[in-house]
Amino acid sequence: MMKPSLIFILFLLINAFKIHGAPMENEMLQISDATIYVDKEHRKDLVKVVQVLQEEVQKRSGILWDTSKKLDKGDKWQVVIVLEKYLPDNLQKELDQLDNIETEGYQLSVIPNEKKIIVYSVGRRGALFGVGKLLRKMEIRKGEISVPKDMKLASSPEYSIRGHQLGYRPKTNSYDAWTVAQYDLYIRELAIFGANSIEIMPPDTDDDETSIHMKLPAIDMIKEQSRICDDYDLDVWMWYPNLGEDYTDPEFAKKELADRELVFSTVQRLDHLFVPGGDPGDVEPDVLFTWMDKVAVLLNKYHPDAKIWISPQVFRPTKEWLDKFYNHINEKPEWLGGVVFGPWIKTPLDEMRKIVDSDIPIRRYPDITHSLSSQYAIPRWDLAQAITLGRECINPRPTDEKMIHNTLDQYADGSLSYSEGTNDDLNKFVWSDQDWNPEIEVIETLREYARFFISPDFEEDLAQGFMAEERNVQGPLLINEHVQENLLQWRQIEQRATPEMKNNFRFQMGLIRAYFDAYVQKRLVYETLLEQQAKEQLGNYKKTSVDASIAACKKTLAKAWEERIDQQYKVRCDELADDLFASIGAQLTIEKHGAMGGRGNFIDNIDNPLNDVAWIYSTLAKAEKAATEKVKVTLIEEVLQRNNPGPGGFYDNFGNPASWSKVQFNYDLDKDPGNLRTPRVSFGVGLKDKEWVHEITAKGFEGEAAPVSWMNQVTAFYDQPLSIKYDNLNPDEKYKIKVAYTGRFRSRMKMMADGAQIHDFIKTGVQPIYEFSIPQEISKDGSVTFTWTCGEAERGAQVSEIWIIKE
């Protein structure tokens, strides 16, 4: 028999492990028979809060909690929602032990011996957020409701502005397909996670007037959105760009004011108007602020307390433009609510906070919806994923969002995110939780997200699955072992999932990304191998013949679409895309689901080529048409030797991780997540006279096929320098630099080498490749740092490839 002392020691060790090792499971109390009590004085104020609790519990459990007009004596469970601490002493003492709360905060306490759950707040909003937290903590199943036995907490939001943009317009990837009821539910769900603001849009934006998906005219839907927000007592913001050409023209201004009057008079609640300085629109600050004086009068006619917030968003800012803007801001016009920091603002947020007077609030407008060509792009993303997932894919980025939020949160008063649909759904809830409390661990948010929205029985599996999907986009896809592991995890969940889960759009979004990522990775491995084999066959032209080697090369490359692999993954993605269209209106393809090109239609990109087939085929097509064998051989060698810098030379593609060590990255991402002070890897070849990239394709300049190495590049925004250093050059050799300038920007750019000018400002986007001699005295110490800078009012310097070649 084991000695008692030894048993005691084991007991201590086991409990120590429970405390310090794996998380202990909370003991759950069954509260299925609960009622809801609100004191008589506040019942009218809390009707919506009680409705939320009843409906959310009933839809998950099938149980409708009745309301009670009196406090029970403890015979059965009761949820007590109070705005004032007029409680019996035995209940009041439980709340007195908790921390005090501020506006919009709540105290939440489970009292087992009294069979009471107390939700206390100082106002209606706090009651809603307290009930929201209760719902997130409960485990609700069919016919069964339980709550953690030891739940006692007091919580107040860190930031006063917490919300998201829900624009009813065609450009979005799902919002335009929603009904009034869907907006009501989604706005409620955001409030349950602590959002206190929703941003809507006027009918006229930089978009089409309507879409095939819209259930109501835009003017009618924004009326409903405003009403819904007012029902939940949430602030209504409206993003309203200036798209006109001349706001100094009296007749034009009269028409624009008439358009705004229709909008302002339609919505029953409007607390804040957000007017971007640009993106879209392009209005000089003096004109902009004079125009806002007129808009403010009209706005306050219908919404007397509403304020205007304004941002210095502008694609090509000059110092003069920014100086004028901030001078106007610091004059503090009566209508000013604050300044907004969003995409395409040159001034870093910490600098903005210093420039703008301290009593002027700043709101963040973070782009959490886009994965490339965006404010916070996926850092150093693999090209294969950028080509296929594109700009507006389903994009769970929980740890990135926390990092981006917490790097800059101290400089602002909170945020309303920039969103184009449900693709960023998970990011919204992470961001709201961080605006409430930046100390919250992301995994806790994901557990609540999975528990409340999908199933408490799969809470941990789903939370870890969403976390793992972010790892799918970290590092080179070719060797990312997490991708196939992640699919195995999601498929195991899928096999056990209930019918309700399989119809849940949030589960469907996680599942489709797991299948999609695994399929693209398998294709990348396959097509990389095919390209290698094809080039080896092409290189045999001396042993076989020129024509035979060309034919063999093309035949091997064609296997990518003639002998496709793992089609079961693609079929599953197509099925899930249909499911998402049915469940939430997600438009993942153009033809079948009516998506806008370059927006959420990433399923259309699932079979986009992942190797250099387009450029190789194009070059070999020229060889096949060539009149002489010599020209054919020259074109074959162009394919085979494209990246070869020759003996003693250097070659780099700056979309490739192998070349990043040469780039001078000035700050880590956790100090500069928007890359306003340090370079980033970006995507897109760029077409002549066009400066926007939604999809990454092997097409560039005049529309001809482009090599994949032109599809990504290193970029430095605005006029910040882009520096690339080469070491180990031979001091006795003379070199030239061959450089590829590709990318979405059309900038005036000059190149220096250790302070000496290599070329003056040239306009990029006209031709891709340039060559310049490097003065030998520059490289005599064996090292050269090349630096590119742009002129004022340019969008940034971009370099995709460099060859250092011995002359």
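Visitor: Which residues lie nearest the centre of the largest pocket?
Guide: Welcome! Keep in mind that this is a predicted model. The largest pocket has a lining of 35 residues. Those nearest its centre are Leu383, Leu610, Asn653, Asn656 and Val708.

Visitor: Which element gives the most to the lining of the largest pocket?
Guide: Several elements supply at least two residues each, including α11 (383-389), α21 (613-625), α22 (629-640) and β18 (650-653). The top contributor gives 5 residues, and that is α18.

Visitor: How many residues in the lining of the second largest pocket are charged?
Guide: Let's take the two pockets in turn. In the largest pocket, the lining has 19 nonpolar, 10 polar and 6 charged residues. The second largest pocket holds about 810 Å³ of space, and its lining has 14 nonpolar and 6 polar residues, with the charged ones numbering 11.

Visitor: Which element gives the most to the lining of the second largest pocket?
Guide: Arg60, Phe453, Ile454, Glu500 and Asn504 lie nearest the centre of this pocket. Elements that give two or more residues to its lining include α2 (47-61), α14 (442-453) and α18. The most, 4 residues, come from α5.

Visitor: Which helix gives the most to the largest nonpolar core?
Guide: That core has 171 residues, and Leu135 is one of those that touch the most other members. Beyond four places away in sequence, Leu135 touches Val52, Leu53, Glu56, Val57, Ile140, Ile192 and Phe452. As for the helix, the one that gives the most supplies 12 residues to the core: α18 (residues 505-538).

Key:
Residues numbered from 1 in each chain as written. Predicted model: local features only at pLDDT ≥ 70, side-chain atom pairs only at ≥ 80, totals over all residues. Heavy atoms only, no water. Core = buried A, V, L, I, M, F, W, Y, C linked by side-chain atoms within 4.5 Å. Buried < 20%, exposed > 50% of the residue type's maximum accessible area, 1.4 Å probe, protein only. Contact = heavy atoms within 4.5 Å. 1 Å grid on protein atoms, 1.4 Å probe; cavity = no way out; pocket = protein on both sides within 12 Å on 5 of 7 lines; lining within 4 Å. Nonpolar A, V, L, I, M, F, W, Y, C, P; charged D, E, K, R; others polar. Points joined across faces, edges and corners; volume = space filled by probe spheres on them.
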